[in-house]
Amino acid sequence: MNPLWRAAHDERAALAADLTGLTDEQWRVPSLCAGLSVREVLAHMTAGASLNPVRWMAGVIRCRFDFDEQVAMRLAEHLGRTPEETLEGFRAVVTSTTSPPGPTAAWLGEVVVHSEDIRRPLGIRRSHPIDVLTRVADYYRGTDLVVVAQKRVRGLRLAATDGPFAAGEGPLVSGPTLALIMAMTGRGTFCDDLTGDGVGLLRERC
């Protein structure tokens, strides 16, 4: 199996374990995705692991190329009637290799980022394998596919303090690899975990 898919499966399994036993109130906590609760982000992740390129394109056409509408439609399909059903649906796709069009690194990145969109507001911490985080950081710093990241860190020097990731030239932004990933993908709250002359500019771009 592609090692990136194996990593995505491990990350999904870890998230499912972390979310077991949440209260109804915790499921309603706002995630780091604007306008979406913890439960809704999990349903969005299930949708992403359930859509092959043909179904994805069919949905895009059905929604007349309104990608936000497509996301909302698919999320609703996988939300379930209760939080327990939402989690059960996610568990069912933990080992899925189904995805919309795009490189596998993009979907591993989606799993890592959305997992932290859920964990951070709940106060849950995960020690991600540094090789996985390094691969995701290296992917995002070079692309604006799916999520704007490359443009956000243009003209900045990124340096991880817990692993080998380093990229770019300019004012320094330094910190944990996970915080660099999350800030690259627009999660400004993670700038609190970063240091360097470039942090203010990155925060503005978030």
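Colleague: Let me start with arginine 119: buried or exposed?

Modeller: Arginine 119 is buried, with a relative accessible area of 0%, where buried means under 20% relative accessible area, exposed means over 50% and partly exposed is in between (1.4 Å probe, protein chains only). Please keep in mind that this is a predicted model, in which local features need pLDDT of at least 70 and side-chain atom pairs count only at pLDDT 80 or more, while totals for chains, interfaces and linings use all residues. Residues are numbered from 1 along each chain as its sequence is written, and side-chain values use heavy atoms, with hydrogens and water left out.

Colleague: OK, and what does arginine 119 form a salt bridge with?

Modeller: Its partner is aspartate 18, and the closest N and O atoms are 2.7 Å apart; a salt bridge here is a side-chain nitrogen of Lys or Arg within 4 Å of a carboxyl oxygen of Asp or Glu. Because arginine 119 lies in helix H7 and aspartate 18 in helix H1, the pair ties together parts that are 101 residues apart in sequence. Helices (H or I, at least four residues) and strands (E, at least two) are DSSP runs, numbered from the N terminus. Aspartate 18, for its part, is partly exposed at 27% relative accessible area.

Colleague: How many salt bridges does the count come to by this rule?

Modeller: The count is 10. One of them joins arginine 91 to glutamate 88, with the closest N and O atoms 3.3 Å apart, and both residues lie in helix H6, 3 residues apart, which is about one turn of the helix. Arginine 91 is partly exposed at 34%, and glutamate 88 is also partly exposed, at 47%. Elsewhere, salt bridges that share partners join Asp18, Glu116 and Arg119 into one network.

Colleague: Switching to the core, then. Which residues of the largest nonpolar core touch the most other members?

Modeller: Those are Leu19, Leu42, Ile118, Tyr140 and Met184, out of 55 residues in that core, a nonpolar core being a set of buried Ala, Val, Leu, Ile, Met, Phe, Trp, Tyr and Cys residues joined through side-chain atoms within 4.5 Å. H7 gives the largest share of this core, with 9 residues. Leucine 19 is in contact with Trp27, Leu42, Leu87, Ile118 and Leu122, leaving aside its neighbours within four places in sequence, and contact means heavy atoms within 4.5 Å.

Colleague: Why is helix H9 largely enclosed by the rest of the structure?

Modeller: Helix H9 covers residues 177-184, and 8 of its 8 residues are buried, so it is largely enclosed by the rest of the structure. These buried residues pack against helix H7 (104-122), helix H8 (130-140), strand E1 (157-160), strand E3 (172-175) and helix H10 (199-205). Just after H9, glycine 186 takes a positive phi of about 95°.

Colleague: And arginine 152, what is the nearest side chain of opposite charge?

Modeller: That is aspartate 144, 6.8 Å away, and arginine 152 is buried yet has no salt bridge; in this scheme Lys and Arg count as positive and Asp and Glu as negative, whereas His and the chain ends are not counted. Arginine 152 sits in the loop between H8 and E1, and a polar atom of its side chain lies 2.8 Å from the backbone oxygen of methionine 184.

Colleague: Last topic, the sheet. What order do the strands have?

Modeller: The open sheet of 3 strands has the order E2-E1-E3, with mixed pairing, two strands being paired if DSSP finds at least two bridges between them. E2 and E3 stand at the edges, each with a single partner strand, so one side of each is left without a neighbour in the sheet. E1 and E3 run parallel and are joined by 4 bridges, whereas E1 and E2 pair in the antiparallel sense over 2 bridges and form a hairpin with 5 residues between them.

Colleague: Which side chains of E1 are buried?

Modeller: Leu158 and Ala160 point to one face and are buried, while Arg157 and Ala159 point to the other and are not. As for bridge partners, alanine 160 stands opposite glycine 175 in E3, and alanine 159 stands opposite alanine 166 in E2.

How values were computed: Polar contact = N/O pair within 3.5 Å; in protein donor to acceptor, adjacent residues only side chain to side chain.
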